Amino acid sequence: MASIFAHAFTAFAFSKSFSKEINTKKLWILGALCAILPDADVISFKFGIAYEDFWGHRGFTHSLLFALLLGICITAICYSKKIFTKTGILLILYFTICTASHGVLDAMTTGGLGIAFFSPFDTTRYFLPWRPIQVSPIGASKFFSHWGVKVILSELIWVGIPSVLFMFTMRFLKKEKKQS
């Protein structure tokens, strides 16, 4: 998996697509939570659920359906007055993308069993053909080691730089739109 830092930063970068009216601290905190939440499935290990099972790590909680359901739920709970508006649709899309980005980043890592993108319809685990991100260890104690430093450096290159470029692009496009 990619680290929680990479997942959260990706959601923060995506939030820059919105106008200042919508792009609030609440939006990007909820987006970051959506981007991190799929890894709550690691608690399944404590219940004897195997990694490769439906509820196992990188299973259903990493799927596109889960991303959509979470996007709808977060919007319905936190933006209930806007859910049936154009803004509501954009919020559902944002939270869905933040959640789905988790699986995409994990599918770009160097380890694990792959991502069940199409669960529950197809539980096959997939990786992307290009896997440059160093897989993050599970557990804080292992993260604060030489392995964790390698992960952070890898994520700075493969997640941080593209995210910063995306944010600058959004800023530029918004400036251009104001001037026209």
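## A walk through the predicted model

Trp 130, Val 149, Leu 153, Leu 156, Ile 157, Trp 158, Ile 161 and Leu 165 together make a nonpolar surface patch of about 810 Å². The structure is a predicted model, and what follows describes that model.

One member of the patch, Ile 157, sits in helix H6, which covers residues 146-179. Ile 157 has a relative accessibility of 46% and therefore counts as partly exposed, since the partly exposed class lies between the 20% limit for buried and the 50% limit for exposed. Helix H6 also holds Trp 147. With a relative accessible area of 34%, Trp 147 is partly exposed. Along the sequence, Trp 147 and Trp 158 are eleven residues apart, and their C-alpha atoms are 16 Å apart in space.

Further along helix H6 comes Arg 171. Its relative accessible area is 55%, so Arg 171 is exposed. The C-alpha atom of Arg 171 is separated by 8.5 Å from that of Ser 17, although the two residues are 154 residues apart along the chain.

Arg 171 also leads to the largest pocket, where it is among the residues that lie nearest the centre, together with Phe 18, Lys 20, Met 170 and Lys 174. In total, 13 residues line this pocket, and the space in it comes to about 400 Å³. What classes of residue make up the lining of the largest pocket? Seven are charged, four are nonpolar and two are polar.

From the pocket, we turn to the enclosed space. How many cavities of 30 Å³ or more does a search of the whole structure find? The search finds one. The largest cavity has a volume of about 30 Å³. Its lining includes Glu 52, Asp 53, Phe 54, Gly 59 and Phe 60, and also Ala 116, Ser 119, Thr 123 and Arg 125. By class, that lining has three nonpolar, three polar and three charged residues.

Ser 119, one of the residues that line the cavity, takes part in a feature of the backbone. A cis peptide bond joins Ser 119 to Pro 120, with omega at about 10°. Pro 120 is placed in the loop between H4 and helix H5, the latter being residues 140-143. Most peptide bonds are trans, and most residues other than glycine have a negative phi.

A second backbone feature is found at Arg 58. Phi of Arg 58 is near 70°, a positive value in a residue other than glycine. Arg 58 is in the loop between H2 and H3.

Arg 58 is also a partner in a charge pair. Side chains of opposite charge can pair when their charged atoms come close. The structure holds one salt bridge. In it, Arg 58 pairs with Asp 106, and the closest N and O atoms are 3.7 Å apart. That distance counts as a salt bridge because the cut-off is 4 Å. Which parts of the chain does the pair tie together? Arg 58 lies in the loop between helix H2 (25-36) and helix H3 (64-78), while Asp 106 lies in helix H4 (residues 86-106), so the pair ties together parts that are 48 residues apart in sequence. Are the two partners buried or exposed? Arg 58 has a relative accessible area of 0% and is therefore buried. Asp 106 is at 0% relative accessibility, so Asp 106 counts as buried too.

Two more loop positions add to the picture. In the loop between H2 and H3 lies Ala 40. At 39% relative accessibility, Ala 40 counts as partly exposed, whereas Arg 58, with its place in the loop between H2 and H3, counts as buried at 0%. Ala 40 and Ser 154 are 114 residues apart in sequence, and from C-alpha to C-alpha they are 23 Å apart in space.

The other position is Pro 132, in the loop between H4 and H5. Pro 132 has a relative accessibility of 18% and therefore counts as buried, because buried means under 20%. Between the C-alpha atoms of Pro 132 and Leu 91 the separation is 30 Å, and the two residues are 41 residues apart along the chain.

Methods:
Residues are numbered from 1 along each chain as its sequence is written. This is a predicted model: local features need pLDDT of at least 70, side-chain atom pairs count only at pLDDT 80 or more; totals for chains, interfaces and linings use all residues. Side-chain values use heavy atoms; hydrogens and water are left out. A salt bridge is a side-chain nitrogen of Lys or Arg within 4 Å of a carboxyl oxygen of Asp or Glu. Helices (H or I, at least four residues) and strands (E, at least two) are DSSP runs, numbered from the N terminus. Buried means under 20% relative accessible area, exposed over 50%, partly exposed in between (1.4 Å probe, protein chains only). On a 1 Å grid over the protein atoms alone, a cavity is a set of points where a 1.4 Å probe fits but cannot get out, and a pocket is an open set with protein on both sides within 12 Å along at least five of seven lines; lining residues have an atom within 4 Å of a point. Grid points are joined across faces, edges and corners, and a volume is the space filled by probe spheres set on the points. Ala, Val, Leu, Ile, Met, Phe, Trp, Tyr, Cys and Pro count as nonpolar, Asp, Glu, Lys and Arg as charged, and the others, Gly among them, as polar. Patches are made of residues with over 30% relative accessible area and no salt bridge: like charges are joined within 9 Å, nonpolar side chains (Val, Leu, Ile, Met, Phe, Trp, Tyr) within 5 Å. Accessible areas come from the Shrake-Rupley method with a 1.4 Å probe; for residues, only the protein chains shown count as cover.
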